[in-house]
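Biologist: I would like to learn how to read a model of this kind. Could we go through it one feature at a time?

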Amino acid sequence: MTSEVGPNGEQETRRGFLRYLLGGGLVASLAAVLYPIMAYLKPPQQAEVEVTSVKAGKVSAMEKESGIIVRFGNKPVILVRNAAGEFRAFSATCTHLDCTVQFRKDMGLIWCACHNGRYDLNGRNVAGPPPRPLDEYRVIIQGEDISISKKA
Amino acid sequence: MNTFWSRLYSWADERVKLGGLVEYMGKKYVPVNRHSIWYYFGGVSLFLFIIQVVTGILLLLYYKSGELLAFESIQFIMAKVRFGWLIRSLHSWTANLFVLTAMIHMFSVFFGKAYRKPREITWITGMVMFFLALGFGFSGYLLPWNELAFFATKVGTDIAGAVPIVGKPMMVFLRGGEDVTGATLSRFFGFHVALLPGIFTVFLGIHLLLVQRQGMSEPLSHGDSPDTERKTMPFFPNFLLRDMLFWLMVLNLLAILAVFFPWELGKKADAFASAPAGIKPEWYFLFMFQTLKYIPGKILFIDGEVLGILVFGLAGFLWLMVPFWDRKSSRGETNRLINYVGIFVVFYMIILTIVGWIV
């Protein structure tokens, strides 16, 4: 308290102090209620098993000019085989709005049904709204087995 | 019998004083003019909302949330539960009609400038309910956990995620994680049956209270005529009976739609399947969906989708705030700009919806 004399002055400072205490207490209580709620709303990070490589099937099982969706951990990956018989793999998640793309033999393209986004067989966005190419994965052929792994 | 009801009435009247309320209702008049037909769309929206509450509660008796059970429980409702197909179909059809009647109601209020002083709060609460209705539609769409819903939710939440700064945390909050999974379904279920109905009811209460307190708005052009020349109709029973006749007609329409065009369930969602060709959102999101198709990936340095979201967000905000920037109508003057804006919006929505439907 200041050295203010007189009953009024003293009362003012005391009142101010109490108001400050009450306000601060209210803010603190509010924070104590809101903080756990906000924290609760945020989903916890699930420990994901780090997948580096998956088996995608047999070479003979895939025709030329075809594509399949392969499960890569919890992400879909599209494996395509072009007319020359070469394999390519890309993230199947459209870079536009998160839909899952598909191989279209009639177009010779990778196509997204949601907003008509198109990628060529090198994963490049060639038409429609996608802003970026599809992320590429590495395809390894060992004899008959196809495996897909993340690009280093 | 009569004495029973009158005794019941006086029993209640003695305790809670119903007299004033009855007198108030008896003195309530609805203006009659050549735009009176639009007055019915608010009431019918309320009726459809009540149907949603009733059918929604009925569906809750059998619906099971979760990615393993949701789709199967809807199958069960539609195939095994007696009249389950009807309840589910009604719920889906009513949802669509509700958005439609609410939209008609909104545009009639907009073109009639009924939002002008003193009804700004009525407009704001109505618009909030409209946005909530879209939230109801979006969250309810996912609950059957089918393929279309799965991708619609992926796209919808990804759009939310593209909003600068707050987008990413908002997307994670909506999805209950990085991806659309069973966690998303649980959250949407909670939003759909608890959070949204709770908030909606509060706004509905304020909205209806204001309508009762302020009465119906009249078109600006009628403001000049003296009170004696204005035609009115008693709310009770004349207007209410007309209201209920319209409700009955809508109920019949719903029955026809639900019986002859049952709502499909489609295929169960699969996170490792491609989005099916011909995928479309519900019709009331179609004009925005179609716009997103036309915006190129990059405009200058901004992502096309971000630009689209910002433009739609700004347009929605301006629409919400119209009572505050349309000063002319509040002063009782004609504001042609509002008509042009409204006509543009209506045509934009209709044309892009049709294009989205056909293409």
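Modeller: We will take the sheet, the domains, the overall form and the contact in turn. Keep in mind that this is a predicted model.

Biologist: How are the strands of the sheet in chain A ordered and paired?

Modeller: In general, strands of a sheet pair through backbone hydrogen bonds, in parallel or antiparallel fashion. In chain A, four strands make an open sheet with the order 5-6-7-8, and the pairing is antiparallel. Strand 5 (102–104) and strand 8 (125–127) of chain A are at the edges with a single partner strand each, so one side of each has no neighbour in the sheet. From one strand to the next, the twist averages 40 degrees.

Biologist: Which residue stands opposite A:Asn125?

Modeller: A:Asn125, in strand 8 of chain A, has A:Tyr119 opposite. Strand 7 (residues 117–119) of chain A is joined to strand 8 of chain A by two bridges.

Biologist: Into which domains is chain A divided?

Modeller: Chain A has domain 1 (1–44) and domain 2 (53–150). Their C-alpha centres lie 59 Å apart.

Biologist: What is the secondary structure of chain B, and why is chain B called as compact as a globular protein of its length?

Modeller: Chain B has 15 helices and four strands. Its radius of gyration is 23 Å, close to the 21 Å from the globule rule for 359 residues, so chain B is as compact as a globular protein of that length. Buried residues account for 30% of those 359 residues.

Biologist: How many residues does each chain bring to the contact?

Modeller: Chain A brings 22 residues and chain B 28 residues. On the side of chain A, 13 are nonpolar, seven polar and two charged.

Conventions:
Residues are numbered from 1 along each chain as its sequence is written. Chains are lettered from A and ligands numbered from 1 in the order in which they are written. This is a predicted model: local features need pLDDT of at least 70, side-chain atom pairs count only at pLDDT 80 or more; totals for chains, interfaces and linings use all residues. Two residues are in contact if their C-beta atoms, placed from the backbone, lie within 7 Å. Ala, Val, Leu, Ile, Met, Phe, Trp, Tyr, Cys and Pro count as nonpolar, Asp, Glu, Lys and Arg as charged, and the others, Gly among them, as polar. Domain bounds come from an automatic or database domain assignment. The radius of gyration is taken over C-alpha atoms; the globule rule is 2.2 Å times the number of residues to the power 0.38. A residue is buried if 20 or more other C-beta atoms lie within 10 Å of its own, exposed if 12 or fewer, and partly exposed in between; C-beta atoms are placed from the backbone. Two strands pair if DSSP finds at least two bridges between them. Axes are lines fitted to C-alpha atoms, for helices over the stretch in contact, and angles run from 0 to 180 degrees between N-to-C directions.
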